[in-house]
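User: I have a model open and would like to talk it through with you. Could you start with one strand and work outwards?

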Amino acid sequence: MMKISTSLLDSSDRISSVEKLNFTDISYLHIDVMDGKFVNNVQFQDMDEIKRINEVSLVKLQVHLMVEDVSSYLDRFCGLNIESITFHLEIEQDILMNIDKVHDMGYRCGIAICPDTDIQLIYPYLDKIDMILLMSVIPGRGGQSFILDTKDKIVMLKNYIDKNSLSVLIEVDGGINDKTISLVKDADVAVVGSYIVKSDNYIERVNSLLD
């Protein structure tokens with residue numbers, strides 16, 4: 001069954017949101033770290049906030065690094081209850097070095113690709129990572145509409161993974177709600193933000209995605 005990872009990006013009170021999410025059936029909390037360089041937005045630069053979220057949450061964190069200098073960020077996340085750290089294929093850094101560093105920290109490693117990046121560029125890394133994150137919106141801000149051709153990318157990627165007997169999870173991030181969740185049904189994890197955290201009933205919204 002598909003798992004739900006909830007993005008806290010659009011929450012007006014992140015700690016309160018985590019406390020509410022503890023009563024739902026989500027699998028992860030999605031932490032969108034932005035440096036204002038790789039994307040224009042700046043988010044989750046306060047490690048005290050992330051550590052507080054880590055303390056309150058009953059589920060593991062997924063850290064999504066939308067930053068240029070990945071290697072300088074990784075050490076910040078040692079010792080936290082983290083499931084995975086994901087960084088972007090589009091960075092101008094040694095991809096393999098950063099994959100190894102994430103694994104050496106004891107976390108699963110994911111690579112994200114932007115909507116306009118050729119999906120085949122990720123193929124050489126699929127036997128070295130644990131997850132690929134397909135962005136179904138332009139990275140950098142929440143509340144965007146789902147990009148429809150993401151559905152075709154999921155199918156293409158899944159076929160490649162199955163054909164080559166790889167054990168890589170597919171995660172999709174952006175514009176997912178009760179209307180678009182069916183478009184990503186072949187993915188393993190769906191990242192959902194504003195649809196949940198901007199609602200009055202977190203349990204109802206999460207259940208509508210899992211039904």
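Analyst: In β7, Met131, Leu133 and Met135 point one way while Ile132 and Leu134 point the other way, and all are buried, where buried means under 20% relative accessible area, exposed over 50% and partly exposed in between, with a 1.4 Å probe and protein chains only. Strands (E, at least two residues) and helices (H or I, at least four) are DSSP runs numbered from the N terminus.

User: Before going on, what kind of model is this?

Analyst: It is a predicted model, in which local features need pLDDT of at least 70 and side-chain atom pairs count only at pLDDT 80 or more, while totals for chains, interfaces and linings use all residues. Residues are numbered from 1 along each chain as its sequence is written, and side-chain values use heavy atoms, with hydrogens and water left out.

User: OK, why is β7 largely enclosed?

Analyst: Strand β7 covers residues 131-135, and 5 of its 5 residues are buried, so it is largely enclosed by the rest of the structure.

User: And which strand pairs with β7 over 4 bridges?

Analyst: That is β6, residues 108-113, which pairs with β7 in the parallel sense; two strands count as paired if DSSP finds at least two bridges between them. Alanine 112 has leucine 133 of β7 as its bridge partner. β7 also pairs in the parallel sense with β8, residues 169-173, over 5 bridges, and there methionine 135 has aspartate 173 of β8 as its bridge partner.

User: Switching to serine 84: buried or exposed?

Analyst: Serine 84, which lies in strand β5 (residues 82-88), is buried, with a relative accessible area of 3%.

User: What does serine 84 touch?

Analyst: Leaving out residues up to four places away in sequence, serine 84 touches Leu61, Gln62, Val63, Arg108 and Met131, a contact being heavy atoms within 4.5 Å. Met131 is also one of the buried residues of β7.

User: Zooming out, how many helices and strands are in the protein chain?

Analyst: The protein chain has 7 helices and 9 strands, and buried residues make up 54% of its 211 residues. Of the contacts with a separation of 6 or more, 61% are between residues 24 or more positions apart.

User: What about the overall dimensions?

Analyst: The C-alpha trace spans about 45 × 35 × 30 Å along its principal axes. The radius of gyration is 16 Å, which agrees with the value near 17 Å for a compact globule of 211 residues; the radius is taken over C-alpha atoms, and the globule rule is 2.2 Å times the number of residues to the power 0.38.
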